[in-house]
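User: I am new to this structure and would like a close look at a single part of it, the aromatic side chains and their surroundings. Please describe how the rings are arranged and then place them in the wider setting of the chain.

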Amino acid sequence: MALRTGAVLATCHVLVPRICTMASVDPSRPLVHISSYNTNLQAERGLPQDLVDWLAPTLQVSNFLARERRAPDIVAVGFQELLPLHLGLSGLSRTVIESRHALILSQIEAHAPNKERYTLIAKVVNVGVALLVYGRDDGIGRRACDVQTQWTGCGPLYMGNKGAVGVRFRVPDENGGIGEVYTFVCAHLTAHAPKLADRIQDYNHIVGSLLFPPLPASTSSAPTTMFATSHLFFFGDLNFRLSLPPTHAFASREQLPALVQALSSDEGRVALKEYDQLLIERDVKGTVFQGLREGEFWRFKCSYKYRLGKVDEYDPKRMPAWTDRIMYATHADPPDASQPSGISNVLYTAIPSYTTSDHKPIVALLLLPAPTRASPSVPLLRPPEGYHPAPDPWARAKRYTGRTLDRIVGYCWWLLTMLGAGSALVGLGNLLVSLGAWRWWRAARGLGSEQEVLLP
C-alpha cells in the first residue's frame with residue numbers, strides 16, 4: 001500500500017509541501033473525500049472488486065494531515081454512465097447502485113487508518129448519474145439530519161441521459177445549535193468540443209431545477225437552489241474540452257501526437273490549461289460555476305479519452321481533455337472567486353490504473369473551515385456580485401416531463417434489446433421481420449378465404 005500511496009503522491013508532487021505544512025491543523029476542521037468516475041456504461045463491469053487504487057490513496061494521504069492517523073469525515077462518490085442507457089432510462093438501476101454501495105462501504109472501512117466505521121447518509125440515482133455520501137459514525141454520520149436528495153435531467157426534452165443528482169444534509173453543532181448545511185452535486189453535461197453553449201445551458205438548467213426544500217428556520221416556503229448552503233461541492237463528467245485556436249501549433253489533427261506529448265509534461269500542461277473551456281468560462285468570462293473554486297487540475301494528466309484496456313494510452317482519434325472535475329465553495333469564501341478559498345485542497349488527481357472506461361477516476365481531499373459555533377442561522381455561501389441564482393418556476397414540470405419520456409424510451413429500448421438477445425438493433429430487425437411475417441400471414445389467410453368462397 002505504501003508503494004501505491006507513493007505513486008499517487010508522485011503524480012501530485014506539487015501538493016506534498018502543502019500536506020507537510022498542515023501537521024498542526026485544527027482537528028475540528030472537517031475532512032471531505034470526493035471521488036468521481038464515468039464508468040462508460042459498464043454496469044457491474046465498471047469497477048474492479050478492489051477499490052484500493054481509487055479510494056485508499058486519499059485515506060492514506062490523510063495521515064499526513066495530523067500527527068495522528070485520521071480518516072475523512074465525509075466520503076462522497078459520484079458516477080456517470082453507471083449502467084447501459086436503456087436500463088437507466090427504464091429506472092432499472094437499483095441492483096447496480098446497491099452493489100456499488102456495498103463494495104464502496106466495505107473498502108472505505110477496510111482501509112480507514114483506525115478502522116473507523118461509516119454510515120450511508122444518502123444515495124440517489126437518475127438514469128446513469130449516481131451519488132453516494134457517507135459519514136463517519138463517530139461524528140458527521142451520526143449527527144447528520146434533514147437529509148434530502150434531488151435529481152434533474154438536461155438531455156433532449158429534459159430527459160436524464162444528461163443531468164445531475166444532489167444530496168443535502170445539515171450537521172448541527174456539538175452544542176445543539178443549528179450548525180451548517182452540506183450540498184453535494186454530481187453531474188454529467190453535454191459531450192463534444194463544439195457544444196460549449198449546450199454545456200453552459202445544462203449548468204444553468206441544473207442551478208434552476210435541482211431544487212431543495214427551504215432551509216431550517218427559514219421564513220420562506222420557496223424551494224432553494226444548490227447555492228443556499230454552507231458548503232457546496234460540484235463534480236462529475238462536465239465534458240469541457242481543450243479549445244485550441246486555429247493558429248495554434250497543435251490545432252490540426254495531424255499534430256495530435258505532438259499535443260499528447262506536450263500534455264505528458266508538467267510544462268506542457270501548464271501552457272495548455274489556458275485553453276481549457278471550463279477555466280475560460282468560469283474564471284475569465286464568468287458564465288458558469290460562479291463563485292466555485294478548484295484545485296490545480298493541470299498537475300495531473302487529462303482524464304479523457306483513453307483506449308480501453310490501457311493504463312496510459314490516449315485514443316489516437318480524440319483530443320485529450322480534463323473532462324472530469326471537482327469544484328467547491330464554502331461560506332467562509334469571499335465573493336470574489338479569484339481570492340483564496342477557506343477550503344484547503346489537499347489532494348487532487350486522477351487514478352490511471354482503471355482501464356474499463358475511456359475516462360480515469362478522479363479524487364480530491366478537501367479540508368474545510370472549522371464549524372461555526374452558536375450561530376442563530378445557517379451560514380450561507382456568498383455568490384459573486386451580480387449573480388443571483390433563482391429557482392425555475394417550471395422546474396417540476398420539466399423534470400417529470402423528462403422522466404416520463406425516460407420511461408417510455410427506456411421500456412421500448414429494453415424490449416428491443418430483449419428481442420435482440422442483447423442488441424437493440426438486432427431486436428428492431430427481429431421486430432420488423434416478425435411484423436412482416438405477420439402481415440404476410442394475414443394476407444395469405446385472406447386470399448385463402450376468398451378462394452374458398454369462389455369454389456362452386
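Analyst: F289 is buried, because its relative accessible area is 0%, and F234 is likewise buried, with a relative accessible area of 0%. The model is a predicted one, and in it F234 and F289 form an aromatic pair, with 5.3 Å from centre to centre and 65 degrees between the planes, an arrangement that is edge-to-face. The pair links distant parts of the chain: F234 belongs to strand β8 (residues 231-237), while F289 lies in the loop between α10 (277-285) and β9 (293-294), and the two are 55 residues apart.

A search of the whole structure finds 14 aromatic pairs. In another of these, the rings of F169 and F184 have their centres 6.1 Å apart and their planes at 15 degrees, so this pair is stacked. F169 comes from strand β6 (residues 163-171) and F184 from strand β7 (residues 180-188), so that distant parts of the chain, 15 residues apart, are linked by the pair. Both F169 and F184 are buried, and together with Y182 and F233 they form one aromatic cluster.

Some rings also have a charged side chain over them. The charged end of R399 sits over the ring of W151, 4.1 Å from its centre, and K360 lies over the face of Y306, at 4.7 Å from the ring centre.

Turning to charged partners, strand β6, which holds F169, also holds R170, which forms a salt bridge with D146 in which the closest N and O atoms are 2.8 Å apart. This bridge again links distant parts of the chain, since R170 is in strand β6 and D146 in strand β5 (residues 145-153), 24 residues apart. The two ends are not covered alike: R170 counts as buried because its relative accessibility is 14%, whereas D146, at 36%, counts as partly exposed.

A second salt bridge joins the side chains of K305 and D358, at 3.6 Å from N to O. K305 lies in the loop between β9 and β10 (324-330) and D358 in the loop between β11 (344-350) and β12 (362-367), so the pair ties together parts that are 53 residues apart in sequence. Here K305 is buried, and so is D358.

The side chains of K273 and E274 also meet in a salt bridge, with 2.5 Å from N to O; K273, at 12% relative accessibility, counts as buried, while E274, at 43%, counts as partly exposed. Elsewhere, D276, R282, D283, E294 and R325 are linked in a network of salt bridges, and the count for the structure comes to 17 salt bridges.

On the surface, L92, W414, L415 and M418 make a nonpolar patch of about 400 Å². L415 is found in helix α11 (residues 395-419) and, at 46% relative accessibility, counts as partly exposed.

As for the wider setting, the secondary structure of the protein chain comes to 12 helices and 12 strands. Of its 456 residues, 53% count as buried, and the chain exposes about 20,100 Å², of which carbon and sulfur atoms supply 58%. Among contacts between residues at least 6 apart in sequence, 73% join residues at least 24 apart.

Terms used
Residues numbered from 1 in each chain as written. Predicted model: local features only at pLDDT ≥ 70, side-chain atom pairs only at ≥ 80, totals over all residues. Heavy atoms only, no water. Patch = residues over 30% accessible without salt bridge, like charges linked within 9 Å, V, L, I, M, F, W, Y side chains within 5 Å. Areas by Shrake-Rupley, 256 points an atom, 1.4 Å probe, with all protein chains shown as cover. Salt bridge = Lys/Arg side-chain N within 4 Å of Asp/Glu carboxyl O. Helix = DSSP H or I, 4+ residues; strand = E, 2+ residues; numbered from the N terminus. Buried < 20%, exposed > 50% of the residue type's maximum accessible area, 1.4 Å probe, protein only. Contact = heavy atoms within 4.5 Å. Phe/Tyr/Trp six-rings, centres within 6.5 Å; stacked < 30°, edge-to-face > 60°. Lys NZ or Arg CZ within 6 Å of the ring centre and 35° of its normal.
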